[in-house]
Amino acid sequence: RAGERAFQQLVQASGRAGRGDNPGEVVIQTYQPDHYAVTYAKTQDYEAFYEDEIKYREAMMYPPVGNLLGIQITGEDERRVVKLSKVISDMIDRMEIREEIGKIGPANASLSKKCDIYRRVIYIKSLNYDNLIKIKDYIEKETEKFNLEKESVMFDFNPMNGF
């Protein structure tokens, strides 16, 4: 949803330029001046932005077209967290529905360590929401067999901001 957030912020910032009858000027500094979020924000073309954004989401199976399951693995011991994330990833790879899903990760979370807790993430994409429920249920059932005293596995369906 980065394109959507960028578009929103640029339109909002440009809407605040100027006072009363005095026109304002907006300067946008970017490495990607041709990105559709920037070009449509410049003209405040909401419909054109939507058309490009929805095409991107369709191609990538992202919400609202597809569904996304975020899986976060946390713990105090980095090696155990890395190992557990790999085990969970392998579980997903062995499931019969692997042809109907897309998997990203495991990888470090955007904030990979906070308060001495290590964090790894796996994202699963599917057009079928029931596939994501099956994956969550399977992982919950299988990880109950492990000794997860200091690690935890959390799930977020169609996360707004990721882990």
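Biologist: What makes the lining of the second largest pocket divide into nonpolar, polar and charged residues as it does?

Modeller: In this predicted model, the lining comprises seven nonpolar residues, four polar and one charged. The nonpolar residues are Leu-10, Val-11, Val-26, Ile-28, Pro-33, Val-38 and Ala-41, while Ser-14, Thr-30, Thr-39 and Gln-44 are the polar ones. Lys counts as charged, and therefore Lys-42 is the charged residue of this lining.

Biologist: How do you know which helix gives the most to the lining of the second largest pocket?

Modeller: Helix α2, residues 36-43, gives the most, with four residues, and the lining residues within that range are Val-38, Thr-39, Ala-41 and Lys-42. Helix α1 also supplies at least two residues, and the pocket has a volume of about 200 Å³.

Biologist: What volume does the largest pocket have, and which residues are the closest to its centre?

Modeller: Its volume is about 440 Å³, and of the 17 residues that line it, Arg-1, Ala-2, Arg-5, Tyr-62 and Leu-68 are the closest to the centre. The lining of the largest pocket comprises ten nonpolar, three polar and four charged residues, and both α1 (2-15) and α3 (46-60) supply at least two of them.

Biologist: Why are β2 and β4 called the edge strands?

Modeller: In the open sheet of four strands the order is β2-β3-β1-β4, with antiparallel pairing. The name edge strand applies to β2 (101-114) and β4 (151-157) because each pairs on one side only. From one strand to the next, the twist averages 20 degrees.

Biologist: How do you know that β1 and β4 pair, and in which sense?

Modeller: Two strands count as a pair when at least two bridges link them; β1 (residues 67-75) and β4 have seven bridges in the antiparallel sense, and therefore they qualify as a pair. Within this pairing, Gly-70 stands opposite Asp-156 in β4.

Biologist: What makes about 170 degrees with the direction of β4?

Modeller: That is helix α5 (residues 129-143), which packs on the sheet and touches β1, β2, β3 and β4. Angles between N-to-C directions run from 0 to 180 degrees, so a value of about 170 degrees means that α5 and β4 run in nearly opposite directions.

Biologist: Which strands does helix α4 lie across, and at what angle does α4 run to β3?

Modeller: Helix α4 (residues 78-94) lies across β1, β2, β3 (117-126) and β4, and its angle to β3 is about 15 degrees. On that 0 to 180 degrees scale, about 15 degrees lies towards the lower end, and therefore α4 and β3 run in nearly the same direction.

How values were computed. Residues are numbered from 1 along each chain as its sequence is written. This is a predicted model: local features need pLDDT of at least 70, side-chain atom pairs count only at pLDDT 80 or more; totals for chains, interfaces and linings use all residues. Side-chain values use heavy atoms; hydrogens and water are left out. On a 1 Å grid over the protein atoms alone, a cavity is a set of points where a 1.4 Å probe fits but cannot get out, and a pocket is an open set with protein on both sides within 12 Å along at least five of seven lines; lining residues have an atom within 4 Å of a point. Grid points are joined across faces, edges and corners, and a volume is the space filled by probe spheres set on the points. Contact means heavy atoms within 4.5 Å.
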